[in-house]
Each structure stands twice: as C-alpha cells, then as structure tokens.
Amino acid sequence: MKMSSFFVGLAMSLSVFAAKVEVDVSGMTCGMCVEAITRELKATQRAENITVSLEEKKARFSEPKDRKLTDAEIKTAIKKAGYEAVKIRRN
Ligand SMILES: [Cu+2]
C-alpha cells in the first residue's frame, strides 16, 4: 500500500465520526435512567460510542459528521427516555 492511500484512508475514517457531543441531563437518579437514555440515543441510529454517566449527569456520544443530530432531535430522544437535556455541547 502506498503511503498516500494510507493517509487518505485515515482521513476518511476520522471524518465519519468526528463530532463529539456532550449533553447535560437533568432528572437522572439510577442505573435504569442510564439504560433508558442509552436506549433512546441508540434508537436515533446516529449516535455511536454512547456513554451515560449517572455521577456527572451527562450523556456523551459521537455522531456522523455528515448526518449530525439537531439539538431538537437530541432533546426529543432524552425526553422520550423521561429526562431533560438542559445543555448540549459539541467539540
Ligand atoms: Cu433511574
């Protein structure tokens, strides 16, 4: 394999899930909350590497760069689980 094709492949794989999202969630109290939020984020089919922290009251995931979730879609998913997305950050 030529070095140039290696770097093209690397750049492509990095770009697919480049956008990381962090959501502050209110109302979480236990492991069931974590599961419910994880399930609803997964159901969007556009959230990958989902981690939900009860201690930090945060949900984190990656989204496809070309098919980002809107803030409204994230809020709806969290609401479906029974909670509220109070702040959404991207980096
Ligand atoms: Cu709970």
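Student: Which residue in strand 3 is the bridge partner of Glu 48?
Tutor: Ser 62. A second bridge of strand 3 sets Thr 51 opposite Arg 60. Before going on, note that this is a predicted model: local features need pLDDT of at least 70, side-chain atom pairs count only at pLDDT 80 or more, and totals for chains, interfaces and linings use all residues. Residues are numbered from 1 along each chain as its sequence is written.

Student: How do you know that strand 2 and strand 3 pair?
Tutor: Count the bridges. Two strands pair if DSSP finds at least two bridges between them. Four bridges join strand 2 to strand 3, so the condition is met. The two strands run antiparallel. They form a hairpin with four residues between them, and Lys 57 in the turn has a positive phi of about 55°.

Student: What makes a stretch a strand or a helix here?
Tutor: Both are DSSP runs, numbered from the N terminus: helices are H or I over at least four residues, strands are E over at least two. By that rule the protein has three helices and four strands. Along the sequence they read α-β-α-β-β-α-β.

Student: How do you know that strand 1 pairs with strand 3 and with strand 4?
Tutor: The same bridge test applies. Strand 1 and strand 3 share six bridges, in the antiparallel sense. In one of them, Lys 20 is partnered by Ser 62 of strand 3. Six bridges also join strand 1 (residues 19-26) to strand 4, again antiparallel. There, Ser 26 stands opposite Glu 84.

Student: In what order do the four strands lie in the sheet?
Tutor: The order is 2-3-1-4, in an open sheet with antiparallel pairing. Strand 2 (48-53) and strand 4 (84-90) each have a single partner strand, so they are the edges, and one side of each lacks a neighbour in the sheet. Neighbouring strands are turned by 20° against each other on average, direction ignored.

Student: What packs on this sheet, touching strand 1, strand 2 and strand 3?
Tutor: Helix 2 (residues 31-43), whose direction makes about 155° with that of strand 2. Helix 3 (residues 71-81) packs on the sheet too, touching strand 1 and strand 4, at about 140° to strand 4. Contact means that C-beta atoms, placed from the backbone, lie within 7 Å. Axes are lines fitted to C-alpha atoms, for helices over the stretch in contact, and angles run from 0 to 180 degrees between N-to-C directions.

Student: Why are helix 2 and helix 3 called oblique to each other?
Tutor: Their axes come within 8 Å and cross at roughly 140°. Under 35 degrees counts as roughly parallel, over 145 as roughly antiparallel, 65 to 115 as roughly perpendicular, and the rest as oblique. The crossing falls in the rest, so the helices are oblique. Ala 36, Ile 37, Glu 40, Leu 41 and Ala 43 of helix 2 meet Ala 77, Ile 78, Lys 80 and Ala 81 of helix 3.

Student: How do the residues of the helix 2 and helix 3 contact divide by class?
Tutor: There are seven nonpolar, no polar and two charged residues. Ala, Val, Leu, Ile, Met, Phe, Trp, Tyr, Cys and Pro count as nonpolar, Asp, Glu, Lys and Arg as charged, and the others, Gly among them, as polar.

Student: Why is Ile 88 called partly exposed?
Tutor: Ile 88 has 16 other C-beta atoms within 10 Å. A residue is buried at 20 or more, exposed at 12 or fewer and partly exposed in between, with C-beta atoms placed from the backbone. The value lies between the limits, so Ile 88 is partly exposed. Ile 88 sits in strand 4. Beyond residues up to four places away in sequence, it touches Val 21, Val 23, Asp 71 and Ile 74.

Student: What makes Thr 44 fall into its exposure class?
Tutor: Thr 44 has 17 C-beta neighbours inside 10 Å, so it counts as partly exposed. Thr 44 lies in the loop between helix 2 and strand 2. Leaving aside neighbours within four places in sequence, its contacts are Leu 69, Glu 73 and Ala 77.

Student: Which residues of strand 3 are buried, and which are not?
Tutor: The side chains alternate. Ala 59, Phe 61 and Glu 63 point to one face and are buried. Lys 58, Arg 60 and Ser 62 point to the other and are not. Of the protein's 91 residues, 21% count as buried.

Methods: Contact = placed C-beta atoms within 7 Å.
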